[in-house]
Every structure is written in structure tokens, then in C-alpha cells.
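User: Hello! I am new to this structure and would like to learn how to read the places where its parts meet. Could you walk me through it?

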Amino acid sequence: MNLQIEPDAHVPAVAPALEVRGLVKHFPGVKALDGVDLVVHRHEVLGLAGENGAGKSTLLKALVGLVRPDAGQILVRGQEVRLRSIVDAADHGIGMVFQEQSLVPNLTVAENIVLGSEGPGVRRGIYRWDTMRALAQEQLDKIGSPVDPLARTDSLSFADRQMVEIAKVLRIEERTSHPPVIILDEPTSVLEPQEIDALFTQVRRLREFASVVFVSHRLDEVLDVCDRVAVLRGGRSVGEVAADGAEPAELHRLMIGATSSDDHYHGAAAATSDEPRTPRLVVRGLTGATFRDVDLDVHAGEIVGIVGVHGSGREDVCRALFGAEPTTAGQATLDGEALDLSGTRAACAAGIGYVPAERKTEGMVGPMSVSDNMLLTKQDARCAGPIVRPRKQARLVDTWIERLSIRTPHRSTAIGRLSGGNQQKVVLARWLVAGDVRLLLLDHPTRGLDVGARSEVYRLMRELAAGGVATVLLADSLEEAIGMSDRIVVMSDGRATAEVAAPAGAKPTPLDLVKEMV
Amino acid sequence: LTGCTEEAVGSAGPTEAAGACDPADVTLVGQVRNESNPYEAAWLDGGDAFAEQVGLTQERLTYDGDSTRQQEQISQLLAGDTDCLVMNVLPNGDSDTPPIVEGAEAAGAFLVTQWNKPADLAVTDYDQWLSHITYDGVASGKQIGDALAEAIGGSGGIVALQGILDTGAAKDRFAGLEESLAANPDVELLDDQTANFSRAEALEVTKTLLTKHGDDVKGIWAANDDMALGALEALQQAGRTDVAVVGIDAVPDALTAIEDGTMTATVSSDGPWQGGIGLAIGYCVATGELAVEDIADDDRAWFAEQFLITSDNVADFTSPETSAADFECSGVFSRSQGPIS
Amino acid sequence: MTVTSPADAEVVASRRPRARRGVSLRDTGPSIALVVVVVVFAALSPGFRTLSNVQNVMDAAAVLAVVTCGVTFVLMTGSIDLSAPGIMGASAIAVALLVANNRNDLDLGLLGVVVAVLLAAALGCLSGLALVALKVPSFMTTLGVSAVGLGVATLMFAGVQPNITDGMLEGWAVDRTLGLSHLTWIAVACVLVGWSVQRWTRLGRYAYAIGGAEEVLALSGVRVAPYKVAVFTMAGAFYGLAGVMVTSQLGAGLVQAGKGYDFSAITAAVVGGTLLSGGRGGVLHSTVGVLLVTVLTNGLVQVGVSPYWQGGVQGLIVVAAVAAAVIPQRRRNQVTK
Amino acid sequence: MSTSVLTPAAAPATVVARPTVGQRVTSFMPVIALVALLGALAVADPGFLSQSSLTAVVRTAAPLVVLAAGATVVVLCGGIDLSIAALCSLATVLFAMWLPDLGGATILAVVAATAVLGAVQGLAHVLLRIPSFIVTLGGMSIFAAVALVISDAGPIRVVDRDTTAWLDLYLAGVVPMAFVVALVVVAAISVVLRLTPLDSWVRAIGYSESAARLAGSPVDRVKVAAFTVSGACAGLAAVMLVSRNFSGSPTMADNLLLPAVAAIVVGGTAITGGHGSVWRSLAGALVVTLLRVGLPIVGVPSAWEQILYGAIIVAAVALTLDRSKLQIIK
Ligand SMILES: Nc1ncnc2c1ncn2[C@@H]1O[C@H](COP(=O)(O)OP(=O)(O)OP(=O)(O)O)[C@@H](O)[C@H]1O
Ligand SMILES: Nc1ncnc2c1ncn2[C@@H]1O[C@H](COP(=O)(O)OP(=O)(O)OP(=O)(O)O)[C@@H](O)[C@H]1O
Ligand SMILES: [Mg+2]
Ligand SMILES: [Mg+2]
């Protein structure tokens with residue numbers, strides 16, 4: 001470290017880029033942060049791990065001024081600061097990419113990148129599009145993104161939008177002469193493996209001139225890209241692990257405060273019998289706007305994974321089966337009966353359940369309670385006729401809150417107040433409550449879930465499969481697809497191009513699948 | 001239904017005999033559509049003038065041309081102290097009169113209505129509804145129709161701007177126009193549209209009609225002066241000076257236009273007098289100077305005197321004044337032109 | 001652990017954004033509807049095809065176009081604005097009392113117009129402030145401000161009709177350049193100004209963004225409140241100018257100058273493709289909507305539809321036009337509010 | 001099975017979340033606003049608090065309450081029904097025209113007819129995917145035109161008053177029957193919502209229609225039902241108006257549109273959907289009625305009346321709206 005050229009030479013040169021001491025934050029009914037300590041050194045990638053609801057997002061929001069801590073200190077380069085707004089934070093060189101995407105869909109990429117700090121892009125309130133475009137291009141070039149700065153943001157793919165977010169956060173470099181601190185809250189949960197690779201390349205490059213705080217529930221990933229991992233549990237810092245040579249299991253033990261038999265999903269729990277059966281779901285020649293001639297068979301008790309890159313159309317196939325996307329040709333039968341693909345109501349009546357990937361907008365109703373969300377589908381069927389029976393409902397909901405260990409102060413708490421992972425559990429519970437589901441369509445069901453919750457979801461999936469439910473899984477990662485599925489269908493460009501058997505004990509490798517995907 | 005009664009406690013029927021009121025106890029209420037209209041503002045001012053004459057003040061109510069709101073105000077008013085309440089009301093439409101009348105009857109308030117009344121509702125069937133005053137719409141519609149026919153030389157095309165279709169005034173006046181057309185066979189009605197008594201709507205409608213019928217339009221018959229003034233603006237914007245325009249009401253702007261020669265004729269309806277006379281009749285009955293039984297049946301529903309105003313006599317009407325003499329109890333019916341047939 | 005594959009390049013290439021098919025149709029739908037309506041009326045009515053009627057339609061569209069310019073910006077932010085009647089009434093009376101008139105000796109000319117527009121902008125600002133400071137939905141604040149505007153107008157009216165004698169203001173409605181009245185040219189200028197604001201200024205782009213994702217703006221460190229207030233203020237100014245234009249047309253200041261313009265402007269904007277939920281459409285869309293609505297009104301009179309039926313036929317056609325524009329880009333799980 | 005990874009949740013899952021004092025107060029705000037307004041009017045004119053005066057207020061408010069209650073259901077679903085007033089006017093005409101033939105069954109016939117018209121709008125909204133604002137705006141002008149045509153643009157007198165006479169009775173001598181009916185309508189809507197899954201569906205649709213649909217809620221059917229209820233309420237309100245005015249007229253209720261929507265918003269129901277209730281609209285309708293009739297009666301001059309009206313409804317909404325449920329106010 002070179003003492004002479006440090007601009008803030010009056011503080012010790014070793015002052016970390018960012019330090020948090022004893023941060024406390026209460027929400028109604030929850031102590032989200034309970035005295036958190038954290039140090040982010042210069043030029044390091046710090047991992048942040050913890051279960052769903054451990055307080056990661058809250059801590060990070062406090063670091064960018066979106067959450068006012070009740071007590072504790074935040075120090076930037078050794079000096080205590082009070083961050084009142086995201087602008088304050090940016091002025092101190094702290095920027096964040098949020099867990100939920102935060103771009104304005106109807107603006108151009110360029111505008112999104114410079115939003116709020118247009119600088120020379122706007123003079124006296126008048127836009128200078130050329131300058132704006134150049135400013136944005138500069139940011140996009142930093143991360144090597146090929147996106148057109150004048151494209152409308154909602155015309156981009158999810159991954160491209162994620163890249164735009166990173167390009168946007170890098171603008172804080174322009175606001176401060178110090179190395180910035182860049183916070184990435186679960187940036188990988190929606191990305192494909194190759195996109196994750198591209199992102200990690202960027203993160204490692206960022207380390208050259210910045211500090212990075214990185215959150216992910218995929219512990220292998222965290223250990224891969226980070227230098228050091230801090231662990232939160234129940235709103236407290238419970239320890240730190242140097243990434244070099246550490247094992248995910250070690251990290252996990254810290255996270256949950258107990259040892260785990262980390263059998264994950266690779267175990268051979270799913271027993272598939274070899275006897276030939278008629279498939280429960282039979283899809284023939286299904287064609288829609290983004291997919292063509294899709295054939296698919298799923299047997300009762302079977303989990304079929306569909307893998308494919310973005311735009312492969314797998315998501316739309318699922319939605320079409322659930323009646324949420326129009327089809328132009330083809331048909332599907334469930335247990336021999338023709339499926340009515342005209343609407344979601346018909347699909348539900350036929351015994352199909354669907355967990356959408358976009359939890360915030362499609363999966364849950366934010367301001368409504370956990371209980372309401374859980375019972376949205378099957379209120380009537382489950383709780384005796386057209387008349388709602390609140391006490392019976394309450395008991396039912398509480399049972400599931402406990403079974404899935406959903407962390408919520410009460411069943412009447414608005415689901416929007418829960419952490420992302422717990423929200424997802426509620427959405428899943430919706431179909432489990434229903435009880436009479438024959439086919440489950442799961443689109444990224446473990447997106448944003450911590451290891452424990454994920455294992456629980458896997459266990460549930462297996463339990464359901466053992467009970468005869470047919471499952472179509474669009475997995476979060478290839479490993480998940482391989483681990484969970486009995487059979488894997490590969491889709492590309494809207495067609496089902498290959499099928500790979502994945503019985504317990506004879507799993508294909510990710511590389512096998514990638515070969516089929518291209 | 002047990003526990004149900006016909007009437008709310010408190011709003012008892014006519015308890016005191018008419019004429020028992022001390023003049024100082026009389027409450028005077030004038031109700032019109034709104035004060036943002038010169039004619040109705042003048043009406044309320046006339047009411048104020050009368051109230052001042054007898055040492056009282058008038059409560060000014062406006063309901064913004066909103067029938068339900070008028071009813072709401074009336075029922076609220078009648079829920080208060082009604083013993084010496086005198087109301088001079090301009091019902092929004094024909095259909096609004098019956099509930100007002102029934103309400104006043106039940107509450108024992110003294111009511112005079114003007115302009116709108118369903119034809120089959122007889123004032124003589126009621127004790128508290130003292131009188132209904134209106135102008136003969138058929139006559140005025142015909143008068144200005146004839147004046148228009150004369151102004152365009154007895155032949156040619158005209159267009160008609162109707163008032164709010166659901167009002168008796170609009171219908172009567174248009175019926176008057178039809179009588180006039182029958183009497184002037186060479187005058188052709190090219191088109192009739194409604195402009196809802198509104199100046200702005202009349203402007204738009206007239207513009208469209210002018211482009212539709214072009215030079216065929218020789219005259220514009222408007223069911224009130226506001227629409228006539230809107231039509232005048234449209235003519236000015238179209239650069240047409242050869243079109244005669246007639247209206248009804250004699251609002252100040254129309255009189256000015258007649259003086260200027262841009263407008264042909266209008267028919268007087270004397271707002272300040274109307275505002276005063278309704279209160280005067282009620283006040284006279286309330287204080288006992290006049291007994292309902294003594295009012296002739298012909299004076300229970302009557303046409304008030306009106307005049308055709310053209311450039312010849314416009315000077316006589318430019319500043320309408322109410323005189324105290326109009327409101328003497330002995331002469332409140334002096335402007336009657338006869339009963340409503 | 002992540003998977004690296006040699007196919008990365010192709011994978012990246014295969015997910016280039018695809019153009020959404022619906023976009024072009026959504027944008028051209030109203031224009032096509034306009035053309036269809038014009039052609040139908042032209043075929044049905046000889047009076048409709050005349051040059052003077054074209055002038056007439058343009059003149060008749062002028063005031064509505066200016067009001068719609070204002071309302072469009074508010075709709076773009078996802079709010080709604082019902083304050084046009086009150087604000088127009090106040091500015092109509094104010095300008096009638098400020099230029100040469102029969103009520104007082106003032107003769108401020110153009111300055112009077114400016115003052116009236118400023119008064120209107122202040123009223124608009126009031127709606128915006130109530131929205132951001134009291135957190136009352138714009139539906140209510142603008143309804144309230146409309147009532148306040150009407151009250152202020154009635155106070156100024158004071159029972160005597162103010163007639164204008166100002167040559168300039170009267171001339172706006174009468175004098176023509178290239179066949180169109182000056183009011184129409186003012187409307188054209190307003191549309192151009194509105195379009196430029198929407199396209200080139202931070203205010204316009206932020207208004208658009210607020211409708212798209214207001215919460216994201218806050219996350220990006222933009223304080224949206226001032227922009228919302230500014231949008232309502234600007235809308236108020238447009239209504240004010242529209243009130244002045246009505247006064248010029250009628251030669252008198254009327255409290256009811258803006259009656260009905262609230263719903264007709266919103267209808268025009270929505271028919272033109274501006275979404276009530278915000279973030280879509282714009283001034284040019286709305287202008288097409290204005291023309292569509294005006295042509296309908298004019299055409300129905302020209303064709304001779306009974307006055308009783310005109311409103312109903314117009315409503316039916318508006319619904320049909322929107323339905324026709326919506327059907328091509330209907331999606332299964334689309335949200336319609 | 002990997003049950004061992006499950007740790008007991010840090011906080012017990014069933015802690016009773018008591019509403020804070022603030023939240024409790026917020027839910028009573030519409031009533032507080034109502035009482036405050038009544039107090040202010042009583043100060044301006046002590047006579048206003050008399051029993052007969054209050055009786056007149058609630059009698060006046062009855063049709064508005066019914067209109068607003070029906071439209072509230074649509075608003076809760078995230079839509080808006082601008083046709084209620086025009087439909088109500090049309091219904092007054094239908095009532096007056098049908099009464100001679102149908103007699104006592106007219107009330108049912110009119111309510112059924114308006115319910116069907118409401119349902120037709122609902123179907124147009126969900127099938128054609130046209131925003132409810134536009135569908136009902138179109139409905140508004142079409143109903144107005146039909147009313148004008150069938151009534152020949154004039155009022156139709158109702159001679160036989162027996163059918164509606166019961167609405168003019170007073171329960172216990174003080175509570176107008178029309179208001180009792182309005183209360184029953186509000187209670188009925190509220191109870192049906194509470195006891196069935198409808199409440200949760202309606203709110204889910206209002207907050208997030210796509211999430212509701214993907215959860216398999218019968219979104220389209222609930223929306224059509226909401227418009228049907230709104231239509232039926234417009235019909236019932238029309239019966240009340242006819243009983244008050246002894247006639248039907250094609251424009252009778254037209255001016256009740258904005259007061260009805262104002263009543264909904266003043267009650268604190270979010271105009272964007274999801275949050276609110278019909279009880280709130282009841283309080284809102286009373287506030288709006290007090291403003292409409294109270295201000296002029298206590299002697300506020302016409303121009304100031306409008307200014308006060310504008311200021312007070314905004315202030316009332318500022319009080320009643322529960323912002324904790326809404327992140328963004330549009
Ligand atoms: N705005 C809020 N109001 C009330 N409670 C909140 C709010 N935000 C977060 N919480 C609560 O604070 C706790 C911490 O949440 P946080 O989002 O920080 O968790 P997280 O570690 O990011 O979880 P995940 O991995 O699922 O994203 C949770 O119990 C959550 O329910
Ligand atoms: N109606 C449409 N018209 C044109 N393009 C569309 C349409 N709907 C979706 N797309 C595009 O097609 C792709 C959608 O594919 P889809 O989301 O089904 O892929 P996926 O394999 O499920 O992706 P992921 O791995 O993210 O789940 C996206 O690139 C999207 O932009
Ligand atoms: Mg989080
Ligand atoms: Mg996808």
C-alpha cells in the first residue's frame with residue numbers, strides 16, 4: 001500500500017473502504033439487523049452469505065441510504081457517514097444493483113444508465129441524445145456489453161438488462177475520486193451459466209479499481225468469485241471465512257448454526273420404477289408464438305427438467321400448458337383427458353399448478369397477507385364450499401408456515417414484507433395447500449432461495465413426486481436440473497431438440513447437456 | 001312494517017295558519033341554477049332588492065344545473081324551520097317540480113316556482129304552492145321566428161339551435177318556431193341541433209352547420225340568447241355578415257348586439273322582476289296580506305308579460321329596473337298575460 | 001461452480017433482442033382508425049369533403065388539442081387530471097377581465113393572456129403539490145382543484161358577463177393564415193412544444209419514466225416529486241391557454257368555458273394510444289386521438305345523425321376504435337384495468 | 001431426505017401481529033372525517049344538528065350510497081365504472097315506463113335490466129381487453145342516448161306511487177327507509193365478500209391482476225360480477241330517485257357520477273384497486289352529501305362553496321387514505 005498517494009492521508013491508510021459497526025434495524029415485528037459488523041477492504045470481493053431473511057438485503061440497503069438504521073455506525077474510508085439517500089451513498093462512492101431488477105422499462109438503455117446523474121447528457125433540462133448515448137456506450141464498453149444504448153429497455157432479455165444494471169452502477173466511478181464500493185444483491189439468481197461467467201469476469205475486473213460486495217445463495221459461486229465471505233444469521237454477523245480452500249459445507253454450517261448433512265439433491269432419493277406406464281401428461285405438436293411442435297411426456301411421479309438458453313421458449317411452453325399463453329396448434333392430454341388450454345382457471349380445475357419465475361409481479365400479491373397469498377388458488381375447494389372458514393384456514397396456513405419454516409411474524413403479515421426466499425416458499429405452498437395437484441409446472445422454483453430452503457423445496461418436490469404428482473421443472477441451474485430430474489428435455493429456438501435420461505445413479509454431466517443445447 | 005311511519009318526526013305538516021307570520025320571522029330563499037350566468041345572477045339580485053325592501057335578506061341557493069343537487073338542497077332546507085319559509089324556485093327541469101311542490105306542501109313552506117312545471121300538475125291542487133309563473137314559450141318562439149322570417153325577407157333557409165331537450169322551455173319555443181314556419185311557408189328549416197342553451201356548444205354547432213349548409217343559411221333561430229351569442233361568434237369567425245340571428249331572454253349582451261345591428265330580435269324575460277316577484281307573492285301570503293283562497297285560479301299559474309325586442313324598441317330595455325311598486329301585495333299579479341292554458 | 005462452454009459466443013448471439021410484433025400496430029392503430037373514419041364520412045357526406053369543413057374540423061380541434069397536450073403529460077406519469085373545467089373557467093374569466101373588456105378599464109393585451117396562463121399554472125401546481133405533499137391521489141386533487149377553479153371563476157365573474165373588446169384576442173379566432181385560424185396555429189404550436197418537451201427535455205422524459213416505473217426513479221436517486229408538480233403545472237398552463245382560446249372564440253369570459261373538456265381530453269388521449277396506466281403514448285398519439293374525436297363529432301352532424309343518438313354513436317365508435325387497436329396485440333395474461 | 005438442514009425458524013411462526021395505534025386510527029379515519037365535518041357545520045349553523053336535518057341528510061345520501069357501494073367493488077378490482085350515473089338515469093326512465101305494466105315487479109325488472117347492462121360492459125371489458133375507463137365511458141354515452149330516445153327526451157311522470165311509497169317511510173320515525181335499504185346493500189355486499197373467497201380474489205385482482213390470474217383465480221368472472229353488481233346498484237339507486245322525484249328522466253342522475261367516485265375515494269378506497277371497502281364508501285358518501293347540501297344551507301356563498309368543497313374533499317382524502325398499503329400514489 002502506498003501511503004503517499006492516498007488522498008485521505010490523515011486517516012490511517014489501512015482504513016477499509018467501508019465498515020459497519022453494530023448496525024441495528026427494526027421492522028414492525030422483526031428485528032432485521034441486530035448489531036451487524038462488517039468490513040469491506042479496498043480491492044476485494046466480499047461475499048455475504050446467510051439464510052433467507054438473515055438481513056442481507058436490509059444491510060445492503062442501509063449501505064446505500066435506502067434503509068435508515070436505528071443504531072450503529074457506517075464508516076466510509078474510516079470516516080463515519082450518515083447516508084440519507086441513494087444520492088448520498090453515490091456521492092460516497094457506494095452503488096448497488098438490486099435484488100429485484102430496477103430499470104425503467106419504457107426508457108432507452110442510455111437513459112437508464114445515466115438516470116439521475118445525467119451530467120453533460122442534459123444541459124439546462126434539455127436532452128443531448130448524442131452525449132447521452134456516448135456516456136452510456138462508455139459504461140457498456142466497460143463491461144463489454146453489446147447492447148444498443150438506444151434500444152428500449154423492455155425489448156432486452158433478462159440477462160442483458162442485468163448487464164445494463166451493472167453498467168449503470170459503474171457510473172458512480174464518475175462521481176467520486178475514490179475507489180467505489182459496488183454492491184451486487186443476488187445478481188446471479190436469474191442468469192444462465194455462461195452469463196454468470198461473463199458477470200464473474202466483470203466482478204474480477206471490478207476488483208482492480210473497486211471493492212465489491214456480492215450476495216448469492218449459491219455457495220459454490222460465492223466461494224468461487226469472492227476473496228472473503230461474511231456470514232449473517234438472524235440479523236447478526238456470525239463469522240467470516242476466507243474463500244481460499246473453504247468448502248460450501250463449512251459456510252453453510254456457519255449460516256444455519258448447525259451441521260448439516262449436505263446431501264443436496266444429488267442423492268438417489270428419487271426411486272423410479274422401470275415398468276412402462278402411460279404418461280400422465282402428453283403434449284403433441286404444441287405450437288405458440290415462441291415455440292413450435294413441442295412434444296412432451298411426463299409420467300406420474302416423474303420430474304422432467306427442461307433446459308435451454310434464454311429464448312429457447314421453455315418458459316412459454318410451461319405458460320401455454322397452464323393456459324397463460326395462447327397456442328396456435330397442438331394438443332395436450334392429462335391422464336387421457338384433453339386439456340383445455342384456454343385459460344388458467346381451466347388449468348387449475350384440471351389439477352395443474354404453476355409457479356412463475358417473476359415472483360414479484362406474477363407470483364405473489366405484495367400487499368396481501370401470507371395467508372391470503374397461500375390460499376389464493378384453492379380457498380374454496382379446501383375450506384369447504386363457497387363459505388370461507390377463517391379458523392380452519394388459519395390452522396391450515398399455520399401448518400404450512402411451519403412445515404416450510406416460512407419466516408414471517410404472522411400469517412397476516414403482508415407477503416411483500418418477507419424476504420425474497422420466504423416469499424417464494426409461500427408461493428410454492430399455494431399449490432401444496434391445494435392438495436389435489438396432478439401436474440406441477442415449476443419455473444425457477446428455487447430462484448433466490450437459500451440452501452436450507454432449497455433443500456426443503458427439493459424434498460417437497462420429491463415428496464410430491466412420490467405421491468404421484470408429475471412435475472415439469474425449469475431449473476435454476478444445470479446442476480439442479482440434473483440433480484432433480486428423472487429425465488431432461490433440451491429446448492433450443494422453440495423446439496425440443498433432445499432428451500437425456502437422468503435416472504438416479506446415472507446422471508449426465510453438465511457438459512453432456514451443454515453439448516445438446518447448442 | 002312495524003315501526004314505520006309516514007313522516008320523519010319534526011317535519012310536521014302545516015301547523016300554523018297562513019298569515020300568522022311576523023314579517024321579521026319570514027325567511028326568504030331564492031334558488032337558481034348558478035350565479036355564473038348573467039340572467040340568473042340578475043334574478044338573485046332582484047330577490048335581494050325585494051328582501052331589502054321589506055327589511056330582510058334573501059338566502060341565495062344555487063345548484064349548478066344539477067337536478068339531484070337541487071332536490072337535496074330543497075329537502076335539507078325543508079328539514080329546518082319551515083313555518084315562515086318563502087321559496088322562489090327555478091326548477092331545473094319539468095320533472096324536478098313535483099317533488100319540490102310535495103316537499104313544500106308537506107313542510108308548510110310557501111312556494112312559488114317559475115319556468116318549469118309538468119303540464120298536468122295543477123297548482124290549484126295544493127295549498128302551499130302559491131303560484132307558478134312562466135313566459136309563453138310558444139308565443140316567444142313564434143315571435144322571434146316571425147321576426148327572423150321578416151329579417152330574411154320572407155324566404156330562405158334557417159337553422160335552429162335547440163335548448164336542453166328535456167326542458168319544457170326548449171320544447172315550447174321550438175313548437176313556436178314550427179308555428180311560425182307554418183305561417184311562413186317560404187322559410188325552410190335546414191337543420192335543427194341542440195346546443196344545450198350553451199354559448200360554447202352553440203359556437204361549435206353553428207360552425208359545423210355553416211359548413212354543412214354554406215350560403216343556404218340565411219338565418220339562425222336560437223332558443224335562448226346565450227346560444228344566439230355563440231352563433232354570432234361563429235358567424236363572425238366565418239366572416240358571414242348576411243345571416244340574421246334571433247334569441248330569447250334579453251340578456252345584456254344580446255341587447256347590445258341588437259343595438260349594434262348584429263342581432264335581429266330577442267324576447268324579454270325580466271330576471272330581476274322574476275327574482276323579486278316570487279318572494280313577494282310568498283311574503284304577502286306568509287304575512288297574511290294575501291290569502292291563498294283569495295288568489296284567483298287564473299293567477300295560480302300564469303304567463304308573465306313579455307316583449308319582442310328589436311332595434312326599434314331596444315333602448316327601452318337596456319337597463320331593467322325593478323320598482324317597489326311591482327311587488328306591492330295588491331299588484332303582484334299585474335304582469336299576468338293570462339293563465340297557462 | 002459454473003459451466004463454461006465453447007458455445008458462449010453463439011449463445012450470446014442467439015439472444016439478441018427481438019422486436020415485439022405488437023409495437024408498430026399499437027402505434028399505428030389510431031391513425032388507421034382516423035383514416036377509416038375520414039374515408040367513411042367522406043363517402044357518406046358531400047358536405048364533409050369540402051375544404052371549408054376541413055378548416056372547420058381543424059378549428060374545432062384546436063382547443064381540445066391544447067387541453068389534451070396538457071392531460072397527456074399527466075396521463076404519461078400514470079396520474080389522471082380532471083381539473084380542466086375549473087382551470088379553464090378561471091383563466092377564461094381572468095383573461096376576459098385583464099384584456100380590454102366591458103367590465104373594467106384594464107387593457108393588458110398579451111400580458112393579460114400571460115397572467116391568465118400563469119394563474120392556471122398556479123392552479124395546476126396546486127394539484128401537483130397536493131398530490132406529492134398530502135399524498136392524495138391525483139383523481140381527487142384535480143377534482144378538488146377543478147372545484148376551486150370554478151369557485152375562483154365565479155368570484156371574478158360577479159354576476160356580469162365580461163365581454164372582450166381586445167382586437168388581438170378577438171382576432172385569434174377570426175383571422176386566418178394559410179386557411180387556418182390563428183387558434184389552430186396556436187394549437188399546432190402547442191403540439192410541437194409538447195412533443196419537444198416530451199422528446200428532448202428531462203421533464204418530459206422523466207414524466208414518461210414516472211409512468212413506467214416510478215419506484216425505480218427513486219432507487220436511481222431521482223426525486224420524482226418536483227417533476228410531478230412540474231407536470232401538473234405545465235398541464236395547468238395548457239388548460240389556461242385553452243381557456244384563453246375559448247374566451248377568444250366566444251368573445252366573452254365564461255365560467256363554464258371548460259365544461260366537459262376533462263373527459264373529452266382524456267378520451268382523446270386514450271383513443272390516441274396513451275395508456276391510462278402511464279408510460280406509453282405521448283403528445284403525437286393524443287393529437288391523432290383529438291382529430292379522431294373531432295372528426296367523429298363533425299361527421300355525425302354532417303351525416304345527419306339525430307342529436308339524440310350522436311353521443312351514443314360516438315361512444316360506440318370510440319369503444320370500437322380502441323377495441324380494434326387493442327385486439328392485434330392482445331396477450332393471454334395481459335392486464336387491463 | 002435432508003430434513004436435518006431444517007432449523008426451527010428463528011421467530012416463532014405465530015406471533016400475533018397487533019395493529020399499531022396508528023393503524024387502528026387509520027381504519028376509523030372516514031368516520032372521524034365525517035364527524036369532524038358534521039361538527040364544523042354545526043358550528044356554522046347550530047340548527048344543522050337537529051334530528052330532522054340529519055334525517056334529511058341520510059335520506060338524501062341513500063341513492064349516492066348505493067351508487068358508490070356498487071362502483072366500489074369495481075374500483076377494488078382495479079377498474080372504474082363511469083357509466084353508473086348514466087345507467088341510473090336510464091333506469092329511472094325504464095322504471096317510469098314499465099311501472100304501468102309491471103306494477104310491483106318493476107323494481108326487480110329494473111334492477112335486473114341494469115345488472116345485465118353492467119354485465120355486458122364487464123364482458124366487453126374482459127373479452128375485448130378494453131380498459132374499463134373506455135368501456136364505461138362508451139357505456140355512459142350509449143346509455144344516455146338510449147335514455148333520451150326512449151323517453152323522447154323528456155321526463156316521464158310516475159302516477160302510481162304505491163310501488164315506491166315504502167321507500168318514503170321512516171323506520172322508528174326517524175330513519176328513512178331508503179337509507180335503511182342503502183345500509184342493507186352495503187352490508188350485503190360486505191358480508192358476501194367476507195364470507196366467500198370473493199374478498200380475497202377481488203383484492204388480489206386489484207393489487208396484481210396477473211398474479212391473481214396465474215394463481216388460477218377466476219379473474220374474468222369476478223370482474224364481470226363486479227360490473228354486474230355495480231349495474232344492479234345503479235338500478236336500485238334509480239328506484240330511490242324515482243321514489244323521491246315521482247318521475248323518471250333521461251338526465252336525472254347524470255350529475256351523480258363525480259360525487260359517487262368522490263365518495264369512494266373520500267372513504268379511503270384506493271382508486272388504483274385492492275385496498276378499501278364498501279363501508280368506507282358509505283362514510284365517503286355521507287361526507288360528500290354533507291358537503292353538497294350542508295355548505296349552501298349553512299349559508300356559504302356559491303363561489304366560496306365550490307372552493308371549500310374542493311379544499312375539503314382533498315383534505316378528507318388526505319385523512320382517510322391508508323398509505324401503508326400503497327407504495328406509490330398516482
Ligand atoms: N420493509 C420491511 N418491512 C418489514 N419487514 C421487513 C422489511 N424488509 C425486510 N423485512 C424483514 O427483515 C428481515 C430481513 O430481510 P432481508 O430482505 O434483509 O433478508 P435477506 O437476507 O436479503 O433474505 P433473502 O436471501 O431471502 O433475500 C426479514 O425477516 C424480512 O421479513
Ligand atoms: N410475444 C412475443 N413476441 C416476440 N418475442 C417474444 C414474445 N414473448 C417472448 N418473446 C421473447 O422470447 C423469449 C422468451 O423465451 P422464454 O422466456 O420462454 O425462454 P426461456 O428459455 O424460458 O428463458 P429463461 O431461461 O430465462 O427461463 C425472450 O427473449 C422474449 O423476449
Ligand atoms: Mg435479499
Ligand atoms: Mg425465462
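User: Which residue forms a salt bridge with Glu51(A), and how far apart are the closest N and O atoms?

Analyst: Happy to help, and please keep in mind that this is a predicted model. The partner is Arg407(A), and the closest N and O atoms of this salt bridge with Glu51(A) are 3.3 Å apart. That is inside the 4 Å limit used for a salt bridge. Between domain 1 and domain 2 of chain A, the count is one salt bridge and one residue pair in polar contact.

User: Which elements give two or more residues to the side of domain 1 of chain A that touches domain 2 of chain A?

Analyst: Those are helix 5 (158-169) and helix 6 (193-206) of chain A. Helix 6 of chain A has the largest share, three residues. By class, this side of domain 1 of chain A has seven nonpolar, nine polar and six charged residues.

User: Where do the two domains of chain A lie in the sequence?

Analyst: The domain assignment places domain 1 of chain A at 18-256 and domain 2 of chain A at 279-517. Their contact takes 22 residues from domain 1 of chain A and 24 from domain 2 of chain A. Taken over C-alpha atoms, the centres of these domains are 30 Å apart. Together the two domains of chain A bury about 1900 Å², with 47% of it on carbon and sulfur atoms.

User: Now for contacts between chains. How many salt bridges does the rule find across the interface of chain B and chain D?

Analyst: The rule finds five salt bridges there. In one salt bridge, the side chains of Arg161(D) and Glu102(B) meet at 3.0 Å, N to O. The interface of chain B and chain D also has nine residue pairs in polar contact, both residues being at pLDDT 80 or more.

User: Which helix of chain B gives the most to the side that touches chain D?

Analyst: Helix 2 of chain B does, with 10 residues. Among the elements of chain B that each supply at least two residues are also strand 3 (58-62) and helix 3 (97-107). This side of chain B divides into 12 nonpolar, 12 polar and 14 charged residues. In total, 38 residues of chain B are in contact with 40 residues of chain D. Chain B and chain D bury about 3300 Å² between them, 51% of it on carbon and sulfur atoms.

User: How many salt bridges are counted between chain C and chain D?

Analyst: Zero salt bridges are counted between chain C and chain D, and the rule finds one residue pair in polar contact across this interface. Helix 6 of chain C gives the most to the side that touches chain D, with 13 residues. That side of chain C has 30 nonpolar, 16 polar and eight charged residues. Chain C and chain D bury about 4500 Å² between them, and 74% of it is on carbon and sulfur atoms. The contact joins 54 residues of chain C with 56 residues of chain D.

User: What pLDDT does chain D average?

Analyst: Think of pLDDT as the predictor's confidence in each residue, from 0 to 100. Chain D averages 87, and 93% of its residues score at least 70. Over residues 1-16 of chain D, however, the pLDDT is below 50, and this stretch has 32 contacts in the model beyond near neighbours in sequence. For the model, the scores are ipTM 0.84 and pTM 0.86.

Technical notes. Residues numbered from 1 in each chain as written. Chains lettered and ligands numbered in written order. Heavy atoms only, no water. Domains from an automatic or database assignment. Contact = heavy atoms within 4.5 Å. Buried area = accessible area lost by both parts, 1.4 Å probe. Polar contact = N/O pair within 3.5 Å; in protein donor to acceptor, adjacent residues only side chain to side chain. Helix = DSSP H or I, 4+ residues; strand = E, 2+ residues; numbered from the N terminus. Nonpolar A, V, L, I, M, F, W, Y, C, P; charged D, E, K, R; others polar.
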